[in-house]
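Student: Could you take a close look with me at a single part of this structure? I'd like one connected explanation rather than a list.

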Amino acid sequence: MTLRNIIKKAIKPVIRKPWNTDDMEAHYGIWIGVSALYNDSGRQLGEENSRPFILNHHIPTTTIDCKYDGSRMGHAINMSALRIAMTNFDAVMDITRSVRDYHMTQQGKENQQPGIWDLYLISRASVAIIAYQKRAVAFSDNSDVIRDDLASQYQFISGVFMICRDMLNRADPMIEENIAISAEDLYDYADRHGIFLSDNGMACAGSTKKIMEFLELCNSGSTGQATDSHSILETLTGNMKNWYSYAILTVELDCYFEAEAQRRRIGENIDNEGMQQTSSIYYNYIAIYCRDILKLSSLTKTPSSFEQGVLERQNIILKLLGKKPLKSLSQTHINIRLGIQD
């Protein structure tokens with residue numbers, strides 16, 4: 001056995017999977033925390049961009065060059081994952097419709113078009129289904145595998161999350177308020193700002209028609225179609241109320257982190273100071289929106305430190321999941337989330 005293999009074998013037992021760590025929401029965030037999970041077909045949710053990279057496994061992939069106009073043209077697309085997603089497209093639409101309708105009903109906005117903040121929460125609530133399955137004590141799903149239909153929905157809805165996140169980070173005026181924007185505007189924004197292109201140079205797979213069909217569903221009001229939203233969500237979560245509270249709490253925590261991260265970056269680059277300050281404000285707006293949804297007045301109080309505020313939020317999440325509270329959080333993990341280099 002080589003020295004490299006001896007070391008690898010020695011450290012393997014201490015590599016903890018994100019969804020099994022007590023501080024997953026504070027350390028990783030749920031999107032990164034579940035991206036290394038596998039679907040029934042043996043592919044990772046985040047594919048080649050799965051985080052953390054130590055859990056990223058290269059899986060053989062069939063690719064072709066994208067033929068669709070715009071920023072995707074000529075870039076490789078993942079046909080292996082696309083075939084699975086297209087097989088499950090109807091189920092993807094049903095799950096997305098169920099999450100959208102549940103969220104809008106909770107806000108008393110039945111039949112209304114979601115605003116851009118609502119789309120951000122709908123996308124995050126979808127990802128939270130997977131995280132909740134892995135994290136909630138009552139659900140007790142300890143496997144590394146999730147259903148193909150839910151994995152496919154994760155891949156579609158992640159695009160909506162990434163559009164909204166980019167708007168927040170750029171302090172784009174479109175996300176200053178919770179206004180409704182068209183599916184065409186969402187697609188155009190993604191195309192103009194390179195959101196269809198991943199870190200490894202591959203492009204978002206799927207025809208323009210299918211992507212638009214999905215965005216239009218996300219962006220429409222409840223149509224009363226024959227989808228039993230409660231039945232779908234109850235099957236996926238086991239407890240819709242708890243899952244939804246978990247989803248909103250994790251968004252509030254992420255916004256708490258991001259608002260602070262943007263605030264701390266002010267002064268690093270004078271050309272970006274105004275954008276970073278405004279981005280911090282926008283993240284705060286959505287954090288307030290989340291607190292209003294859950295009527296969490298306790299989180300409106302100013303903590304003794306930012307770190308104490310993170311710990312308080314993580315422990316509220318752990319209590320909801322049926323887990324024991326933490327006495328402290330790793331400063332290193334907090335610094336990583338804030339983008340602070342030691």
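Which helices are included in what covers the buried residues of α9?

Tutor: Happy to walk through it, keeping in mind that this is a predicted model. The cover over the buried residues of α9 includes α5, α6, α7 and α8. Let me begin with α9 and then go through these neighbours.

Helix α9 spans residues 208-218, and its buried residues are I211, M212, F214, L215, L217 and C218. Two other residues of this helix, E213 and K210, join their side chains in a salt bridge, at 3.5 Å from N to O. The two sit three residues apart in α9, so about one helical turn separates them. As a general point, an α-helix has 3.6 residues a turn, so residues three or four places apart point the same way. Neither partner is in the buried set: E213 is partly exposed, with a relative accessible area of 30%, and K210 is partly exposed as well, at 27%. Both values fall between the 20% limit for buried and the 50% limit for exposed.

Next come α5 and α6, two of the helices that cover α9. Two packed helices are described by the angle between their axes and the distance between the axes. Here α5 covers residues 89-106 and α6 covers residues 116-135, and they pack at about 120 degrees with their axes 9 Å apart. That angle makes α5 oblique to α6, since the roughly perpendicular range runs from 65 to 115 degrees. The crossing of these two helices is right-handed. On the α5 side, the residues in contact are V99, R100, H103 and M104, and on the α6 side they are D118, L121, I122, A125, S126 and I129. Sorted by class, this contact has six nonpolar, two polar and two charged residues.

The loop between α5 and α6 holds P114, and this residue leads us back to α9. P114 counts as buried, because its relative accessibility is 1%, under the 20% cut-off. Leaving aside residues up to four places away in sequence, P114 touches R100, M104, L119, I122, A180, C218, N219 and S220. Among these, R100 and M104 are also α5 residues in the contact with α6, I122 is one of the α6 residues in that contact, and C218 is one of the buried residues of α9. By contrast, the C-alpha atoms of P114 and I54, 60 residues apart along the chain, are separated by 37 Å.

α6 has a further packing partner in α12, the helix of residues 273-294. The two pack at an angle of about 70 degrees, and their axes are 11 Å apart. They are therefore roughly perpendicular to each other, and α6 passes α12 in a right-handed crossing. In this contact, W117, D118, Y120 and L121 of α6 meet Y283, Y285, I286, Y289, C290 and I293 of α12. The residues here divide into nine nonpolar, no polar and one charged. D118 and L121 appear in the α12 contact and also in the α5 contact.

That leaves α7 and α8, which also take part in covering the buried residues of α9. Each has a salt bridge worth a look. In α7, residues 148-170, R170 and D166 are four residues apart, so they are separated by about one helical turn. Their salt bridge brings the closest N and O atoms to 2.5 Å. The two partners fall into separate burial classes: R170 is partly exposed, with a relative accessible area of 37%, whereas D166 is buried, at 17%.

In α8, which runs over residues 183-192, D188 and R192 are likewise four residues apart, about one turn of the helix. Their side chains meet in a salt bridge of 2.8 Å, N to O. D188 is partly exposed, and its relative accessible area is 37%.

To put these pairs in context, the structure holds 17 salt bridges. The picture to keep is of α9 with its buried residues under a cover that includes α5, α6, α7 and α8, and of P114 in the α5–α6 loop, which touches C218.

Terms used:
Residues numbered from 1 in each chain as written. Predicted model: local features only at pLDDT ≥ 70, side-chain atom pairs only at ≥ 80, totals over all residues. Heavy atoms only, no water. Axes fitted to C-alpha atoms, helices over the stretch in contact; angles between N-to-C directions. Parallel < 35°, antiparallel > 145°, perpendicular 65-115°, else oblique. Left-handed = near helix turned anticlockwise from the far one by under 90°. Contact = heavy atoms within 4.5 Å. Nonpolar A, V, L, I, M, F, W, Y, C, P; charged D, E, K, R; others polar. Salt bridge = Lys/Arg side-chain N within 4 Å of Asp/Glu carboxyl O. Buried < 20%, exposed > 50% of the residue type's maximum accessible area, 1.4 Å probe, protein only.
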